[in-house]
Amino acid sequence: MEKRIAFAALSALVAFGGVHPPAWAQGYKPARPVEVVVHTGPGGGSDVLARAVANMMEKEKLLPVRMQVVNKTGGGGAVAAAYLAEKKGDQNTIGFFTGVWLTNPLTSAEANVTLKDLTPVARLVLEPAVIAVKADAPYKSLPDFIAAAKKSPGQLKQSGGSVTSRDNVVRQLLQKNTGAQWAFISFPGGGERIAALLGGHVNIMVIEPAEAGEHIRAGNMRVLAQVTDKRLPAFPNVPTLKEAGFDVPSVPQVRGVVAPPAIPKENVAYWEGVFHKLTQTESWKKFLADNQFEDGYQGAAELVKFYDEFTDRMRGILKEAGAKVVR
Amino acid sequence: MDVLSGLMQGFAVALQPANLLWCFVGVVLGTVVGILPGLGPPATIAMLLPLTFLMNPAAAMIMLAGIYYGAKYGGSTTSILLNVPGESASVVTCLDGYAMARKGRAGAALGIAAIASFVAGTVGVVGLMLVAPPLAKMALAFSSPEYFALMALGLAMVVLLAGRSMLKALLAMLVGLWIAGIGTDPFSTTSRFTFGQLELLSGVDFVVVAIGVFAIGEVLAAMQGRAEAQALPAPKGLRNLLPTLQDLKDCRFAFANGSVIGFLIGVLPGAGSTIASFISYGVEKAVSRRPQEFGKGVPEGVAAPEGANNSETGGALVPLLTLGIPGSGTTAILLAALVLWGFKPGPLFISENQALFWGLVASMYIGNVMLLVLNLPLVPLFAQVLRTPAFVLYPLILGISIVGVYSVSGSLFDVSLLVAFGLLGYLMRMLDYPSAPLVLGLVLGGAMERALRQSLMMSQGDLSILATRPISAAMLSLALLILLIPLFNKLNAWRLQALEQ
C-alpha cells in the first residue's frame, strides 16, 4: 500500500513537475470517437467502469471526442484481447483490462494474446473485497469459520466466480495457510452468488464492499474480514486478513487501460496524461468513494512491472490449486 | 405505506407530462428494438445510458423499463410474419404464429400476440406491486438443484414439441444440448469443441442458431418449392386482420397460463424469459383439448408464450428491486444504471425510494396501455408485409437475418455460423426433423449443465441432492411424468388394438 502511494505520488510528480512535458502538448489527439473495448456484456464490471469513465471524461472535458464502449465478450477476456491485438497500430481504440486478462491465458491455450502483447497505458483502480456470511450464520469471525471448516473438511461451501477469479484465489491462499478445506462453487453471474448465500445454499463468499454494504445495512449479511492491507473507511471495525490472524497477501481486483500493439509513444503519453488527469478530478474521487474502490493509478512503466509480479503470483496459486497451467 | 396510496403517489409521478413522454419514447424504442432481430434491450439500454445522466432518475428508469417490456411486444412481429425470432423469448412464437400466417391469419396472430402481451404485462406489474418482497424471499429457496430440475422440466417439454417422430425430436434436442456445450467450460476453463477457434471460446450465440435454423432454413426450403410468386397469403377480410371473438375465447386459458408462469419464472434470478415461454407453451398444449392442432396455427399457441415473456419482465424486476440481484442481461444493465445514477440497489431500495418505485410501477401500467394502443393499429399494416412478392421478401429476410446476427456480436464469424445453421435448418426440414427441440436443447443446455455441476459440488458428488430437496424432487417427478405421456399413449393404443383383435 505504501509503495502504491509512493508510486502515485511519483507519477503525480512526473505529471506536474514537468520531468517530461505534458503529453497533450505534443502531436497526438484523437480526432474520431474513441472505441473502448471491454470483455464483459452490458452491466458487467468492466462495462460499467468504462461507461462511468466515458461519462466523467465528458463532464470534466478531458477528451475532445466521445468514448464509445464496445463489448467483446467471451473466453474470459480472450476475445477482447485478441480484438485489440488485431487493431495493431489503430489510434482510436483503447481497452479496459482486469486481472483476468493476465490469469486467463495461463490456463487457456486458445487465449494466446496476453496483456504483454498489448501496449500498457495505465492502471486505474484496485477493488478491495470483504469476506461475508449470512447474518444468521454461526460464524462470528473468520477463525470461527476456519475452525468449522477444519472440523468437517469439504463440507462448507463458498460461492464465487470462475476458478481463476479472485474469490477462488483468496480461498486457495486461506486453505494453504490454515490447512482447512471447503468447497468452491462457481456461479457465472454476480447475482446468483449473492442469492446462493442469502438463500443459505452456501456458507461464505468474497464480495465487493459496495455490494455487501446494502445487504449488511438490511441485516442480511455479516462481514468477517476484509481482503485489504488496511481497513476500509466503511468497515472500521472489521479486521483485515492479517489482523484476523492469517498471513496471506491481499489480492485486489485490478482494472486499467491498454492500447493496441504498435502505437506511437506519444499516443501512450497522451492517454497516460488523460487518465492521470481523470484520477485527479472530484468526479473520480467521488466515484471511487461510492464504489469503495482504491485509487490504483500507475503509469505505463510501472504497469509492466506489475504484470510480471501478478502473473508469477497467479501462476503459483493456480498450480497449487491443481489447474492446468499452459503458459 | 399501503399499496393504494403508493400507487396514487406513483401515478402522480408517472402522469407528469415529461414522464409520460419518456414512457412513450421508451415503449416505442422497445417495440422497434423488439422487431429488429439481433439488437436486444441490453445493448439499446447501454447505448442510451449517457443520455440518462442528463435526466431525472425516475424519468430515466421509466424510459429504460419501457424499452425492456416494449421489446417483448415487438419480438413477436418478425416471428409471426417472417419466421425470424426477433428476441430469444419469441422463438416459440414462431411455431404457431408463423403457421397462422401461412394460413392467411397473420393479422389475427399479431393481434393475439399484442393482446396477450398486454394482459400478461399488466398481470406482471400487479405481481410486482403486490407480492414482490415475500416472493423474492421465496425465490431464494431456489438454488442449483432446483434450477436443474426446472431446466429438466423444460427439456421434458420436448415430447410436446415433437412432430410425427419422437426419436427425431429427441435427436434434434441432443444436437441442441451439444451445441450448448461448445465453448469454455465454465468451471475448469477448459475449451470444448472449439477446434482452436478463438471465436468459439464464448460458445455459439443462441440468436445465431435460432435465426439460422428458423429463418434461413425456411427461406431455403421455400425457394426449393418456388411455385408461388407470393411467399405467404396476405390476410383477406376483416376476419383475418384482427383476432375474432372465437380466437379470444380459445385463448382464455392461455392468457392466464402465460401471465402466471411467466411471472413466477421471471422472479427466479437464474431462469429467464425463454424458458418461461417454452414452459408456458408446453403447459398450454398439455392441457389443451386439441393438442394435435398445436404447431399448425392455433391462437393459444401464440398467446401463451407471448404472454409468458411479457409477464416475465414484471417478475424479473422483483429480485432486482427488492434484493439488488439481477437475473438477466437486461436487469444487469438496469442495475448498473441505478448505481451510476447514485442509488444503492439492495434490500432497502424500495422503502427508501418510494416515489421512484411506485412511479415505475404506475408507468408500467400506462406503458402497457400505450403499447396495446400502438400495436393493434399497426397489425393490419404489418400484415401487408406479406403482400410483398417472394422474390423481394426472401432476399429481405436473408438480409435482415444477417444484419441481425452481425449486430449482436459484430463478428463475421457469426455470420458464417449463421449460414451453417441455415443449411442445417434446411436439411432438418427436408428430413422432417423438428427445429424447436434443437433450440430448446440449446437454450437449456448451458444453464442445466451449470446447475447440475453446481449441485454436485454442493453435495460432493452425491446425486441424491436432486431428489432429497422437495422443490427439486417435485419438479423432477413432473418432468418424468411428462416424458412418460407418449409411452402411456402408445401402450394405450396397443391395448386398444389388442382388444379389437
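Q: Which residue stands opposite Met221(A) in β9(A)?
A: Lys134(A) stands opposite Met221(A) there, and strand β5 (residues 129–134) of chain A is joined to β9(A) by six bridges, the two running antiparallel. Helices (H or I, at least four residues) and strands (E, at least two) are DSSP runs numbered from the N terminus.

Q: Before I go on, what kind of model is this?
A: It is a predicted model, in which local features need pLDDT (the predictor's confidence in each residue, from 0 to 100) of at least 70 and side-chain atom pairs count only at pLDDT 80 or more, while totals for chains, interfaces and linings use all residues. Residues are numbered from 1 along each chain as its sequence is written, and chains are lettered from A and ligands numbered from 1 in the order in which they are written.

Q: And what does the model score for ipTM and pTM?
A: The ipTM is 0.83 and the pTM is 0.84.

Q: Back to β5(A) and β9(A): what is the strand order of their sheet?
A: The order is β7-β6-β8-β5-β9 (chain A), an open sheet of five strands with mixed pairing, where two strands pair if DSSP finds at least two bridges between them. At the edges are β7 (183–186) and β9 (221–227) of chain A, each of which pairs on one side only, and from one strand to the next the twist averages 30°.

Q: What about the open sheet of six strands?
A: That sheet of chain A runs β2-β1-β3-β10-β4-β11, again with mixed pairing, and its edge strands are β2 (67–71) and β11 (294–299) of chain A. Its neighbouring strands are turned by 20° against each other on average, direction ignored.

Q: How many bridges join β1 to β2 of chain A, and do they run parallel or antiparallel?
A: Five bridges join strand β1 (residues 34–38) of chain A to β2(A), and the two strands run parallel, with Val36(A) opposite Val69(A) in β2(A).

Q: Which helix packs on the sheet, touching β1 and β2 of chain A?
A: Helix α2 (residues 45–59) of chain A does, and it also touches β3 (93–98) and β10 (253–259) of chain A, while its direction makes about 170° with that of β2(A). Helix α9 (residues 265–279) of chain A lies across β3, β4 (119–127), β10 and β11 of chain A, running at about 20° to β4(A). Axes are lines fitted to C-alpha atoms, for helices over the stretch in contact, and angles run from 0 to 180 degrees between N-to-C directions.

Q: Switching chains, how do α5 and α6 of chain B pack?
A: Helix α5 (residues 91–102) of chain B packs against helix α6 (residues 106–139) of chain B at an angle of about 145°, their axes lying 7 Å apart. From α5(B) the contact takes Thr93(B), Gly97(B), Met100(B) and Ala101(B), and from α6(B) it takes Ala106(B), Ala108(B), Ala109(B) and Ala113(B).

Q: How many residues of chain B are in contact with chain A?
A: In chain B, 41 residues are in contact with 40 residues of chain A, contact being counted if the C-beta atoms of two residues, placed from the backbone, lie within 7 Å. On that side of chain B, α3 (41–52), α16 (329–340) and α21 (436–458) each supply at least two residues.

Q: What box does chain A fill?
A: Taken along the principal axes, the C-alpha atoms of chain A fill a box of roughly 65 × 40 × 35 Å, and the chain has 11 helices and 11 strands.
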